[in-house]
Amino acid sequence: MRVIAGTRKGTRLKAVPGKATRPTTDKVKEALFNMIGPFFDGGRGLDLFSGSGGLGIEALSRGFDSFIFVDRAPKAVETIKTNLVTLSYMEVAEVFRNDARRALKAIVKRGLTFDVIFLDPPYSDKSLEAIMQVIAEQELLTEQGVLVVEHDANRTMADTLEPHLVLNRQQSFQSQTAIAIYQSSGGIKNG
């Protein structure tokens with residue numbers, strides 16, 4: 001695992017020990033950022049189910065100002081912090097050991113909105129749709145913000161998330177992985 005582009009391009013990232021975490025492959029990560037960027041002029045992001053923090057770190061390297069990382073596994077939180085220290089990103093990051101739903105409640109209380117939210121739960125996670133719905137209902141995305149969901153390619157994703165998020169793009173990779181990108185119906189630009 002490495003940072004693919006931006007100011008920290010080529011830097012190796014530490015992986016979470018064990019087999020409980022499935023890191024996003026470099027191929028999928030590169031395609032994902034080509035779909036939503038590939039580079040950014042600032043912004044705030046949220047990386048739920050962060051694992052090693054690879055997606056949020058890639059976004060920081062490509063121009064995001066700040067990121068919040070959330071994972072409930074102690075080894076993952078330790079790995080995220082190690083990677084952030086290695087890349088000198090601790091000043092622009094917050095790391096929380098928490099369940100995704102509880103983290104979203106805390107974020108709502110803080111009144112935060114995001115330019116990107118990465119949602120990459122274990123493929124077997126049954127709470128994915130409920131978490132996506134909380135993000136939509138609480139309007140946690142800015143007007144131009146995107147919700148990026150990495151999921152099992154066999155899973156059917158909703159076309160809309162009420163009140164105003166719509167599936168803007170979907171792409172499958174390899175045999176198991178797919179990416180779904182949701183955006184505000186008022187913020188989608190055609191072309």
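**Briefing: an eight-stranded mixed sheet**

Helix H1 (residues 26-36) lies across four strands: S4, S5 (141-152), S7 and S8. Its direction runs at about 20° to S8. The model is a predicted one. Its eight strands make an open sheet with mixed pairing.

**Sheet layout**
- The strand order is S3-S2-S1-S4-S5-S8-S7-S6.
- Strand S3 (93-97) and strand S6 (160-161) are the edges, and each of them pairs on one side only.

**Strand S1 and its neighbours**
- Strand S1 covers residues 44-48, and four of these five residues are buried, so the strand is largely enclosed by the rest of the structure.
- S1 pairs with strand S2 (residues 66-71) in the parallel sense, over five bridges.
- Within this pairing, Ser66 of S2 stands opposite Arg44.
- Between S1 and S2 the chain passes through helix H2 (residues 54-61), and this β-α-β crossover is right-handed.
- S1 also runs parallel to strand S4 (residues 114-119), to which four bridges join it.
- Leu48 has Leu119 in S4 as its bridge partner.

**The S7-S8 pair**
- Strand S7 (residues 165-173) and strand S8 (residues 177-184) are antiparallel, with eight bridges between them.
- Gln171 has Ile179 in S8 as its bridge partner.
- Both strands are among those that helix H1 lies across.

Note on methods
Residues numbered from 1 in each chain as written. Predicted model: local features only at pLDDT ≥ 70, side-chain atom pairs only at ≥ 80, totals over all residues. Heavy atoms only, no water. Buried < 20%, exposed > 50% of the residue type's maximum accessible area, 1.4 Å probe, protein only. Helix = DSSP H or I, 4+ residues; strand = E, 2+ residues; numbered from the N terminus. Pairing = 2+ DSSP bridges. Right-handed = clockwise from strand over helix to strand, strands pointing away. Contact = heavy atoms within 4.5 Å. Axes fitted to C-alpha atoms, helices over the stretch in contact; angles between N-to-C directions.
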